[in-house]
Amino acid sequence: FVTVEDGETAGAYHKASGSYQLLPPGNTYKLHEKDYENIEKKLRTDWFELGPYTFLTVGMGYVAGAYKQKGGDFVILPPGHTYQLNENEYRQPQRVRRDK
């Protein structure tokens with residue numbers, strides 16, 4: 001059993017499909033080890049990794065972006081949002097404080 005409290009996020013790989021399942025807060029999940037692997041739970045912060053995802057919050061006064069895996073273009077991530085970046089689509093997320 002995995003209980004995901006407020007302020008946390010969890011996830012695990014489903015063995016049969018190979019997909020990563022995110023487990024949102026506020027529930028207890030029954031995950032059998034024959035069906036799931038690499039079960040992990042993280043505190044939600046402004047930048048954390050969980051399975052194949054990077055969660056990045058871009059606050060006001062910051063600039064952020066990440067490179068696309070296909071083509072290598074750098075994608076700007078506007079402030080005021082939290083982004084869920086999949087490692088299959090994006091690499092090397094970056095965030096810097098803007099000069100005033």
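**View 1. The whole protein, with its surface and its strands.** The protein exposes about 6800 Å², and carbon and sulfur atoms supply 47% of that area. Keep in mind that this is a predicted model. Along its principal axes, the C-alpha trace spans about 50 × 30 × 15 Å. You'll find 11 strands here and 0 helices, so reading along the sequence just gives β-β-β-β-β-β-β-β-β-β-β. Of the 100 residues in the protein, 28% are buried. Among contacts with a separation of 6 or more, 51% come from residues 24 or more positions apart. As for charge, there are 13 positive and 13 negative side chains, with the centres of the two sets 4 Å apart.

**View 2. Zooming in on Tyr-20 and Tyr-53, an aromatic pair.** The protein has 5 aromatic pairs, counting rings whose centres lie within 6.5 Å. A pair of rings is described by the distance of the centres and the angle of the planes. For Tyr-20 and Tyr-53, the centres are 6.1 Å apart and the planes sit at 65 degrees, so this pair is edge-to-face. Tyr-20 belongs to strand β3 (residues 20-23) and Tyr-53 to strand β7 (residues 53-58), so the pair ties together parts that are 33 residues apart in sequence. Are these two tyrosines buried or exposed? Both Tyr-20 and Tyr-53 are buried.

**View 3. Tyr-53 again, this time with Phe-55 and the ring cluster.** Tyr-53 also pairs with Phe-55, and here the arrangement is tilted, at 6.2 Å centre to centre with 55 degrees between the planes. Tyr-53 counts as buried because its relative accessibility is 15%, under the 20% cut-off. Phe-55 counts as buried too, at 9% relative accessibility. Which residues do the ring pairs link into a cluster? They are Tyr-13, Tyr-20, Phe-48, Tyr-53 and Phe-55.

**View 4. Arg-95 and the ring of Tyr-62.** Here's a charge over a ring: the charged end of Arg-95 sits over the ring of Tyr-62, 5.4 Å from the ring centre. Arg-95 is one of the 13 positive side chains in the protein.

**View 5. Asn-38 and Gln-92, two residues with positive phi.** Most residues other than glycine have a negative phi. Asn-38 isn't a glycine, yet its phi is positive, near 55 degrees. Look for Asn-38 in strand β5 (residues 36-43); it counts as exposed because its relative accessibility is 52%, over the 50% cut-off. Gln-92 isn't a glycine either, and has a positive phi of about 50 degrees. Where does Gln-92 lie? Gln-92 is in strand β11 (residues 90-97). With a relative accessible area of 47%, Gln-92 is partly exposed.

**View 6. Glu-89, in the loop between β10 and β11.** This loop joins the picture after β10 (81-86) and before β11, and Glu-89 lies in it. At 46% relative accessibility, Glu-89 counts as partly exposed. What does Glu-89 touch, not counting residues up to four places away in sequence? Glu-89 touches Tyr-67, Lys-68 and Gln-69. Ser-19 is worth picking out as well: Glu-89 and Ser-19 are 70 residues apart in sequence, and their C-alpha atoms are 15 Å apart in space.

How values were computed: Residues numbered from 1 in each chain as written. Predicted model: local features only at pLDDT ≥ 70, side-chain atom pairs only at ≥ 80, totals over all residues. Heavy atoms only, no water. Phe/Tyr/Trp six-rings, centres within 6.5 Å; stacked < 30°, edge-to-face > 60°. Helix = DSSP H or I, 4+ residues; strand = E, 2+ residues; numbered from the N terminus. Buried < 20%, exposed > 50% of the residue type's maximum accessible area, 1.4 Å probe, protein only. Lys NZ or Arg CZ within 6 Å of the ring centre and 35° of its normal. Contact = heavy atoms within 4.5 Å. Areas by Shrake-Rupley, 256 points an atom, 1.4 Å probe, with all protein chains shown as cover. Charge placed at Lys NZ, Arg CZ, Asp CG, Glu CD.
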